[in-house]
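Colleague: I am new to reading protein structures and would love a guided tour of this one. Please show it to me first, and then we can talk it through.

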Amino acid sequence: MDAITEPTNRTNHSIQLARLSPAQHSDTAFYLFEEKDTTYLVKLYLHEHGDEASLREKLGLLHWRAHGFFVPGVYHRVLPQLKNPHVVMDYIQTETLADFISRHTSKAEIYPRIRQILQSNAARHRLSLQRSDASLIHSDLHPDNILIDAESFYYIDFATPHKDKSVLELVSLEVERFMIQLLRVMGKESMPSLTELLVAAYSGQEAVLTRIVEKHDLHPCIRMVKSIRESLRRDAQIRRYQLADVFKKTMNYSN
Ligand SMILES: Nc1ncnc2c1ncn2[C@@H]1O[C@H](COP(=O)(O)OP(=O)(O)O)[C@@H](O)[C@H]1O
Ligand SMILES: [Mg+2]
């Protein structure tokens, strides 16, 4: 199959698409097809901004791969039977990080893989900050947007637009979001050990974690109101300022 960097305009009506079920979101749909013993995945954008979303997806996949980060390969393919914008990429036949974590109970199996991902994130953020390159930041990183197998992991889902913010701010938002979503899957009690892994991965680029701590350095009155509100909430989700507090403690301790 042709890599999208070398676009060809071949039209092939005979490609048989199989719906990948179950559909996870109503905004997207997924199909598979096989060619020469390889399985490809087609991601379809069903919402009104599908053209922009598919373009962002392609550019993200190409850009990250060009910088050495693991993502599915993306291909140029005309599929005339599909009326919505779509992207053809490698089908990575494995599980999401969320499923991997849910399937394992032992820290010894989960933590080395999380460390590997956090280190890769930190290397990417270093590059992104050095080059002022917001395209190396993921605007929706969570455990369902990482696929993981025995040795590697792959980032997916580049369709969400970035907010209009500085690169440092976007990096800090990615880190906060990823940690909060990881903790939803791993449980609140993992917060200290996960934070230790994070602080170690970002050693040498403390500006990222310091930015998060500073952002949530709240006035004591506001903090009190927030914690009263938290105690009334039923969900067990970690708030960003709670995460920032643990970052601060861990950073002070490791200095
Ligand atoms: N290239 C791929 N290979 C294998 N599975 C994939 C691939 N891309 C997406 N998926 C599966 O489909 C799910 C949704 O894909 P994603 O790109 O995150 O779309 P959405 O924008 O709907 O979240 C993923 O969590 C994963 O389970
Ligand atoms: Mg997704």
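Modeller: Here is a definition we will need: two strands pair if DSSP finds at least two bridges between them. Please also keep in mind that this model is predicted.

Colleague: Thanks! Let me try that out on strands E3 and E5: which residue in E5 stands opposite Val42?

Modeller: Strand E3 covers residues 38–45 and strand E5 covers residues 86–90, and the two run antiparallel. Five bridges join E3 to E5, and two bridges are enough for a pair, so these strands count as paired. Along them, Tyr40 stands opposite Asp90 and Leu41 stands opposite Met89. The residue in E5 opposite Val42 is Val88.

Colleague: What is the order of the strands in the open sheet?

Modeller: Start from the edges, where a strand pairs on one side only: these are strand E1 (18–19) and strand E4 (74–75). E4 is joined to E5 by two bridges and runs antiparallel to E5; in that pair, the bridge partner of Val74 is Met89 in E5. Eight bridges join strand E2 (residues 28–35) to E3, again antiparallel. The open sheet has five strands with antiparallel pairing, in the order E1-E2-E3-E5-E4.

Colleague: Which residue in the turn between E2 and E3 has a positive phi?

Modeller: E2 and E3 run antiparallel, and Ala29 stands opposite Leu44 in E3. The two strands form a hairpin with two residues between them. The residue in that turn with a positive phi, about 45 degrees, is Lys36.

Colleague: Phe30 caught my eye. Is Phe30 buried, partly exposed or exposed?

Modeller: Phe30 lies in strand E2 and touches Leu20, Leu41, Val42 and Lys43, leaving out residues up to four places away in sequence. A residue needs 20 or more other C-beta atoms within 10 Å to be buried, and 12 or fewer make it exposed. Phe30 has 18 C-beta neighbours inside 10 Å, so it counts as partly exposed.

Colleague: And E5, how many of its residues are buried?

Modeller: Helix H1 lies across E3, E4 and E5, running at about 25 degrees to E5. E5 also has bridges to E3 and to E4. The rest of the structure largely encloses E5, because the number of its five residues that are buried is four.

Colleague: Let's zoom out to the domains. Which helix gives the largest share of the side of domain 1 that touches domain 2?

Modeller: The domain assignment gives domain 1 (18–90) and domain 2 (95–254). Their contact takes 13 residues from domain 1 and 13 residues from domain 2. By class, the domain 1 side has eight nonpolar, three polar and two charged residues. The largest share of that side, seven residues, comes from residues 50–66, which form helix H1.

Colleague: How far apart are the centres of the two domains?

Modeller: The centres are taken over C-alpha atoms, one for domain 1 and one for domain 2. The distance separating them is 26 Å.

Colleague: Which helix gives the largest share of the largest nonpolar core?

Modeller: This core has 51 residues, and Val88, Met89, Met179 and Leu194 touch the most other members. It draws at least three residues from each of domain 1 (18–90) and domain 2 (95–254). Leu194 is in contact with Ile114, Met179, Leu182, Leu183 and Met186, setting aside neighbours within four places in sequence. The largest share of the core, nine residues, comes from helix H4.

Colleague: Last one! Ser132 and Asp157 each have a positive phi. Which of them is exposed?

Modeller: Phi is about 55 degrees for Ser132 and near 70 degrees for Asp157, and neither is a glycine. Ser132 sits in the loop between helix H3 (107–131) and strand E7 (146–148), while Asp157 lies in the loop between strand E8 (153–155) and helix H4 (167–186). Asp157 has 19 C-beta neighbours inside 10 Å, so it counts as partly exposed. With 9 other C-beta atoms within 10 Å, the exposed residue is Ser132.

Key. Residues are numbered from 1 along each chain as its sequence is written. Chains are lettered from A and ligands numbered from 1 in the order in which they are written. This is a predicted model: local features need pLDDT of at least 70, side-chain atom pairs count only at pLDDT 80 or more; totals for chains, interfaces and linings use all residues. Domain bounds come from an automatic or database domain assignment. Two residues are in contact if their C-beta atoms, placed from the backbone, lie within 7 Å. Ala, Val, Leu, Ile, Met, Phe, Trp, Tyr, Cys and Pro count as nonpolar, Asp, Glu, Lys and Arg as charged, and the others, Gly among them, as polar. A nonpolar core is a set of buried Ala, Val, Leu, Ile, Met, Phe, Trp, Tyr and Cys residues joined through C-beta atoms within 7 Å. Axes are lines fitted to C-alpha atoms, for helices over the stretch in contact, and angles run from 0 to 180 degrees between N-to-C directions.
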